[in-house]
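Q: Please take a close look at one part of this structure, and then explain to a first-year student how the parts beyond it are arranged. A formal, connected account would be welcome.

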Amino acid sequence: MRTVLRAEAPDHELLEALLGTEVALVADGNNIRSAEGQAALITAAGLIARSGAQCYLDAPNVALVEGTVAPLTGTHLVDALLDFGADLIPGRRMVAGVPSHGIDLAVVIGDSPWTGEARQLVSMSGDAWAGRVAIDGERWAHWGSPFGALASAGLAAGEAYKAAMRRVRGWASGPATFDALFAASSAAEVGLAPRGTPVPSRNLGRFDVISGGAIAHAALYALSRIPSVEGQTRVIEAEVSDLTNINRYAFLRRSRVGEPKAAHLGSLDLGQLAIVGVPLRYEERTLVEIGSLASNVLVGVDHVPSRWAVQGARPNWLGIGATSDYSAVVSFHSRGLPCARCLHPNGTQAPAKIPTAAFVSHWAGLWLASLFARSVSGERLNPSEQLLHIATLRPESTNAIWKTPGVAVKDCEFGCPL
């Protein structure tokens with residue numbers, strides 16, 4: 001928040017903006033019969049709640065669709081969400097029902113009816129690979145892929161965050177820039193794959209994940225929701241979670257704070273997607289203990305030299321996700337393409353405190369997961385789109401998402417072709 005505010009903005013006003021934002025999540029039975037409709041609702045609620053907003057649930061308490069529901073527990077949708085909401089931000093919980101007074105934002109699943117009063121309304125729709133928000137929505141159906149639903153949730157969560165930011169406009173360091181960034185979006189669509197892309201394969205095989213942080217959580221959250229998914233992965237991460245991680249770690253509940261990140265992820269029930277936690281940092285002194293990496297590796301670490309170290313192991317396919325302020329950055333690397341050192345040349349140490357928001361980390365992990373899922377499904381990813389940036393605040397802009405070919409650096413130590 002402070003990246004666009006004057007230095008003297010007091011903490012309590014920023015906290016009041018986050019905690020004072022009220023969001024209703026609305027769904028009828030027709031739109032949450034499918035796994036995708038439920039995923040859209042659950043993910044939007046989780047992302048919005050993690051930034052502190054008061055979430056109201058107006059949905060039938062239907063049975064959860066069979067498949068991965070972590071970090072929820074239980075058998076019925078609203079019961080599980082209420083339980084989950086009470087285990088996130090201290091002193092905050094989700095509430096069943098919608099208040100009679102006006103609220104900041106109504107997030108409607110598909111074409112569910114909304115009759116309340118809200119300053120902004122967005123309806124979430126999507127298909128196998130694309131998610132969208134608009135004034136009117138289309139009914140959620142079964143697509144055989146979670147990616148469109150998760151994209152729509154990212155769009156809705158961004159609108160909730162912008163509503164909170166508009167509460168502190170009086171502290172803007174540049175009002176014109178602030179207004180351009182945080183104005184409400186009436187409609188936006190993000191496609192994670194070209195139209196006509198087949199649904200992802202359920203067999204992810206064996207892969208490794210370097211980091212148990214926010215981007216790794218978001219990627220595994222997305223992959224675990226592929227119908228009947230199966231695979232085996234190691235999560236290589238040495239740190240222990242703390243309360244600050246609640247704002248963006250997709251699987252983390254407050255009751256699990258303080259556990260080793262790798263062990264926590266390894267304990268989750270993700271069906272046939274098995275996670276083995278490796279409580280080590282990926283660095284030279286631990287390489288022997290870690291052993292050879294899998295042929296496919298996902299990386300979500302802030303430390304750029306660690307990305308280079310993984311590239312040095314020469315996996316067949318390497319995907320990297322990162323965030324910077326309100327932008328998400330994702331790249332993929334395979335034989336014949338520029339390497340991680342060429343595309344991520346800034347090797348300085350990451351700052352001790354990094355500004356984060358749930359929906360930004362979500363976009364980085366989601367896009368990374370979509371590229372990996374497409375690759376293991378046999379699709380040849382377009383080399384001209386090797387490096388991707390998404391400006392998460394203005395997804396409706398024509399230049400919000402830009403994809404470029406990687407450019408090899410002269411005399412690259414990995415022998416990348418110029």
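A: Helix H6, the cavities and the sheets

Helix H6, which spans residues 214-223, is mostly covered, for 10 of its 10 residues are buried. The model is a predicted one. The buried residues of H6 include the alanines Ala214, Ala216, Ala218, Ala219 and Ala222. Ile215, His217, Leu220, Tyr221 and Leu223 are also buried in H6.

One of these residues, Tyr221, leads to the empty spaces inside the model. Rolling a probe the size of a water molecule over the atoms shows where empty space is left. The search of the whole structure finds 3 cavities of 30 Å³ or more. The largest cavity has a volume of about 150 Å³. It is lined by 16 residues, and those closest to its centre are Thr43, Leu47, Arg50, Tyr221 and Ala250. Helix H2 (35-50), H6 and H11 are the elements that each give two or more residues to this lining. H2 supplies the largest share, with 5 residues. By class, the lining of the largest cavity consists of 10 nonpolar, 4 polar and 2 charged residues.

The second largest cavity holds about 70 Å³ of space. Its lining includes Leu47, a residue that is also among those closest to the centre of the largest cavity. Ile48, Ser51, Ala157, Tyr161 and Phe359 are others in the lining of the second largest cavity. Here the elements that give two or more residues are H2 and H4, and H4 makes the largest contribution, with 4 residues. This lining has 9 nonpolar and 2 polar residues, but no charged ones.

A pocket, unlike a cavity, is open. The second largest pocket contains about 700 Å³ of space. Of the 32 residues that line this pocket, Glu66, Gly67, Thr68, Val69 and Ser224 are the closest to its centre. H2 gives the most to the lining of the pocket, with 5 residues. The pocket lining divides into 15 nonpolar, 11 polar and 6 charged residues.

Helix H11, already named for the largest cavity, also belongs to the account of a sheet. Strands of a sheet pair through backbone hydrogen bonds, either parallel or antiparallel. In this model 8 strands form an open sheet with mixed pairing, in the order E10-E9-E8-E11-E12-E13-E14-E15. Strand E10 (272-278) and strand E15 (401-404) stand at the edges with a single partner strand each, so one side of each has no neighbour in the sheet. From one strand to the next, the twist averages 15°.

Within this sheet, strand E8 (residues 203-210) and strand E9 (residues 230-236) run parallel and are joined by 7 bridges. One example is arginine 206, whose bridge partner in E9 is glutamine 232. Helix H9 (residues 304-312) packs on the sheet and touches E8, strand E11 (296-299), strand E12 (317-324) and strand E13 (327-334). The direction of H9 makes about 175° with that of E12. Helix H11 (residues 358-376) also packs on the sheet, where it touches E8, E11, E12, E13, strand E14 (387-391) and E15. The direction of H11 makes about 165° with that of E12.

Other strands pair as well. Strand E4 (residues 103-109) runs parallel to strand E5 (residues 118-126), and 6 bridges join them. Between these two, valine 107 stands opposite valine 122 in E5. E5 also pairs with E6, in the antiparallel sense, over 4 bridges. In that pair, glycine 126 stands opposite glycine 131 in E6. E5 and E6 form a hairpin, with 3 residues between them.

The chain then offers one more residue to examine, alanine 141, which lies in the loop between strand E6 (130-134) and helix H4 (147-166). Is alanine 141 buried or exposed? Its relative accessible area is 34%, so it counts as partly exposed. Apart from its neighbours within four places in sequence, alanine 141 is in contact with Ser34 and Glu36. Alanine 141 and alanine 128 are separated by 13 residues in sequence and by 9.6 Å in space, C-alpha to C-alpha.

Technical notes. Residues are numbered from 1 along each chain as its sequence is written. This is a predicted model: local features need pLDDT of at least 70, side-chain atom pairs count only at pLDDT 80 or more; totals for chains, interfaces and linings use all residues. Side-chain values use heavy atoms; hydrogens and water are left out. Two strands pair if DSSP finds at least two bridges between them. Axes are lines fitted to C-alpha atoms, for helices over the stretch in contact, and angles run from 0 to 180 degrees between N-to-C directions. Contact means heavy atoms within 4.5 Å. Buried means under 20% relative accessible area, exposed over 50%, partly exposed in between (1.4 Å probe, protein chains only). On a 1 Å grid over the protein atoms alone, a cavity is a set of points where a 1.4 Å probe fits but cannot get out, and a pocket is an open set with protein on both sides within 12 Å along at least five of seven lines; lining residues have an atom within 4 Å of a point. Grid points are joined across faces, edges and corners, and a volume is the space filled by probe spheres set on the points. Ala, Val, Leu, Ile, Met, Phe, Trp, Tyr, Cys and Pro count as nonpolar, Asp, Glu, Lys and Arg as charged, and the others, Gly among them, as polar.
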